[in-house]
Amino acid sequence: MDIYSRFLYQDGQYKKNPPRIKHTAFHVVNGQVSVYQTDALNDPAIWSIATSLNPNRRVHGRGDVTREDIESVELNIMIEEPPPLHRNIVGWPNEELQQLSKAQELATKAKLILA
Amino acid sequence: MEIVTGKSSYLTALMVAAGPASSAVTTHLNIDTRHLEEDRSYTNQQNQFILLASLRGILLDCSRSGWDGEKAVPITGSVIGNAIKVINTIPFTVGIPDISPQPNGKIAFEWYLAPYHQLIISVGPTSDVAYSALLGSQRIMGWKQLSLISDLIEEMRAKYGLIPTIR
C-alpha cells in the first residue's frame, strides 16, 4: 500500500486529544501539497527526512495518507523528484471553498503519528 | 492572569425573551438567579479569554511572511479584528472552537465532534467568511457575510448539531 507523509512543524496542524490532523496541514500552495512517499521506509528514516527538510524546526509529527485516501477525495499524487521520494498531491480545485472542503476531508482520513 | 467578572445581561435577556412565564416560575420557586447569572457571565468571559489568548498567540507567531517555514501569508490586523468579531458572536451556550492560523493568512474556527461531524469557519480580512462542514456523507459549504455569522453559528448548531450546546 502506498503511504504518503505530510510532515507537521506547527502546533496548529494537529490535535493530540483526540489525536487528529487539522485541515491546515493540507493547505494548498500553488495548487499542490508536498508529501513524501514513506511506505518503504522505517520510522527513523522517515523522521530523518523531516528533519533534513527543515533543520531549524522541530518536527511535531506527520500525517499519513494512502493513495486510496487521496483518490477518494478526487485528488491525485504526482511524482516530483528530486529530492527522492518527494511527491505532490495535485488536482485541487481553484476555488478556495472547494480547497477548504477537500483539505478538511483529507485531513480527516489522515493518520496522526507523533514524532 | 486575571479574569474579570462582571454582571452579565445574558440571563436577563433570556428571561425577557422567555416572557412573563419565566419570571413567574422563578418567583414561584423562589429561585435566586443572581449567582447563576454570575456563573454564566464567568463562563462566557472565561471562554472569550481562552479564545482571545489563542488569537494573541497567533498574532505573535504568524504576523510575518513565511511563518510556517514555507510561503505562508501573514495574519494581519484586519484578520485579527474580524476574528474578534466572530469570538464576540459565539454564545456562551456553545462549546468553544479550536482556533488555528491558515497558511493563506486566514484564521480557522473549528468545532470537531467526530471525524464526520465537524465544522470549520474560515475568517479573512474581508467580510466574506467561508465555512465547510462534514456531516456524515454530506458536505456542507458556503460563504456568509461576517455580519451574519451568528445566524450561521445558530444554523449549524440547531439544524445540523455541528456545534455542541453546553447546558
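Which residues of H4(B) are exposed on the other side of the helix? We will come to that helix after a few words on the model.

This is a predicted model, in which local features need pLDDT of at least 70 and side-chain atom pairs count only at pLDDT 80 or more, while totals for chains, interfaces and linings use all residues. Residues are numbered from 1 along each chain as its sequence is written, and chains are lettered from A and ligands numbered from 1 in the order in which they are written.

Now to helix H4 of chain B, residues 77-89 (helices are DSSP runs of H or I with at least four residues, strands are runs of E with at least two, numbered from the N terminus). Val79(B), Ile80(B), Asn82(B), Ala83(B), Val86(B) and Ile87(B) are buried in H4(B) (20 or more other C-beta atoms lie within 10 Å of a buried residue's own, 12 or fewer for an exposed one, and C-beta atoms are placed from the backbone). Those buried residues cover an arc of only 165° around the axis, so they sit on the same side of H4(B) (the arc is that of the directions from the helix axis to the C-beta atoms). On the other side, Gly77(B), Ser78(B), Gly81(B) and Asn88(B) are exposed.

Next, look at chain A. Here an open sheet of 6 strands runs in the order E6-E7-E4-E1-E5-E8, with antiparallel pairing (two strands pair if DSSP finds at least two bridges between them). Strands E6 (76-79) and E8 (111-114) of chain A stand at the edges with a single partner strand each, so one side of each has no neighbour in the sheet. Within the sheet, E1 (residues 3-8) and E5 (residues 61-66) of chain A pair in the antiparallel sense over 6 bridges; Ser5(A) has Asp64(A) in E5(A) as its bridge partner.
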